[in-house]
Amino acid sequence: MSTTETITEPTMSITETITKPTSSTSESITKPNVGVFTNPEHKLWVGEAQPSLDVVKEGKELKEGEVTIGVRTTGICGSDVHFWHAGRIGPMVVENNHILGHESAGEILAVHPTVKHLKPGDRVAIEPNLICNACEPCLTGRYNGCLKMKFLSTPPDNGLLRRYVNHPAVWCHKIGDMSFEDGAMLEPLSVALAGMERSGVALGDSVLVCGAGPIGLITLLCCAAAGAEPLVVTDIDEGRLQFAKKLVPRARTYQVQRGVSAEDCGKQIVELASGVQPAVALECTGVESSVANAIYATKFGGKVFVIGVGKPEMTLPFMRLSTQEIDLQFQFRYCNTWPRAIRLVESGVIDLKKLATHRFDIEEAEKAFETASDVKSGAIKVLINC
């Protein structure tokens, strides 16, 4: 062959090379796509969602780098309930019909030809980010601060609480034979892991965890695994504290009483910890009084790290922070945590199973959300199966 000759290979259109659902996965693609919606009128309902069943079956509409996922399990987050009840969290406002949910795991149904590391049938946990990959936070590895972030379930971007969804493959993490329930709870575990990393909790540190909701309890598990001692957890609800004690038997529980000053709460928390002031307080409620309690408990030179989401403005004991040189830090979601979260669950270092207290089918979404928002229900993590 001369050097001037060229070889022309057969070409194939992108749509023809999309890896469509296999016979085994196709068997599960029989139900129409529905999602759980809310709106500015605070209604909650199950309705038709995109992509449609026909589109999913044909493997159509996948963009470069995308996969189609059959969502199997989604956890209800406190933010989902807040968007339903309040219609907003700070500047993030529900202005139209809006699909909730961002704690999800499922099965790959189809892949775009540019995707090489996933195939139909793979089980994945879904990281609900869409980032620009061009701004400073993205380029420096802190993509949770992306200036053009689209976080699924945060208005105006629809969430994952639906049967089928197209999503970038890079944000789909293989979970092997891990249960879909554990896969869905990797998202709140990621929140806790981000807090652990940035707060710097170390072996033998005295730690206070404020709030025994799902994030607080998972943070408690992480602190126990990290060797924090003494380890104190607070809440206003005795039932949740009892749950925390069963989850981490060596944790010391403190029930916050209404009408007791933050300064007195701080003293009582320290007494419960045998006089050892917390080196780190991980505040998981975002409630002003709870943040103040943490500040008054924490030792000189310690740190109060706020994981919880609170109201836009709050009043805090500035002079206590100042005279005690207490660092006050905050967290916004997470980044680069999912591989670590998967390893921790797969190895059994962190066991999330006890947190799943209630399960519903997607058709029962309204009842599921009512259960998640009712403190008397005893719910910790409510899961919806699609």
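This dialogue reads the aromatic pairs, the charge-ring contacts and one helix crossing in a predicted model.

Colleague: How many aromatic pairs does the structure hold, and by what is such a pair described?

Modeller: A pair of aromatic rings is described by the distance of the centres and the angle of the planes. The structure holds 5 aromatic pairs. In one of them, Tyr-143 and Trp-171, the ring centres are 5.0 Å apart and the planes stand at 50°, so the pair is tilted. Tyr-143 lies in the loop between α5 (136-139) and β10 (150-151), while Trp-171 lies in the loop between β11 (164-168) and β12 (172-174), so the pair ties together parts that are 28 residues apart in sequence.

Colleague: Are Tyr-143 and Trp-171 buried or exposed, and which arrangement do Tyr-334 and Trp-338 form?

Modeller: Tyr-143 and Trp-171 are both buried. Tyr-334 and Trp-338 form an edge-to-face pair, with 6.0 Å from centre to centre and 70° between the planes, and both of these residues are buried as well. Ring pairs also link Tyr-334 and Trp-338 with Phe-151 into a cluster.

Colleague: Which charged end sits over the ring of Phe-151?

Modeller: That of Arg-333, 3.8 Å from the ring centre; elsewhere, Arg-123 lies over the face of Phe-180, at 3.9 Å from the centre of that ring.

Colleague: At what angle do the axes of helix α7 and helix α13 cross?

Modeller: The axes of α7 (residues 186-199) and α13 (residues 338-347) come within 9 Å and cross at roughly 110°; the two helices are therefore roughly perpendicular to each other. Residues making the contact include Leu-186, Leu-189 and Leu-193 of α7 and Trp-338, Ile-342 and Val-345 of α13, and the residues of this contact divide into 8 nonpolar, 1 polar and 3 charged.

Technical notes: Residues numbered from 1 in each chain as written. Predicted model: local features only at pLDDT ≥ 70, side-chain atom pairs only at ≥ 80, totals over all residues. Heavy atoms only, no water. Phe/Tyr/Trp six-rings, centres within 6.5 Å; stacked < 30°, edge-to-face > 60°. Helix = DSSP H or I, 4+ residues; strand = E, 2+ residues; numbered from the N terminus. Buried < 20%, exposed > 50% of the residue type's maximum accessible area, 1.4 Å probe, protein only. Lys NZ or Arg CZ within 6 Å of the ring centre and 35° of its normal. Axes fitted to C-alpha atoms, helices over the stretch in contact; angles between N-to-C directions. Parallel < 35°, antiparallel > 145°, perpendicular 65-115°, else oblique. Contact = heavy atoms within 4.5 Å. Nonpolar A, V, L, I, M, F, W, Y, C, P; charged D, E, K, R; others polar.
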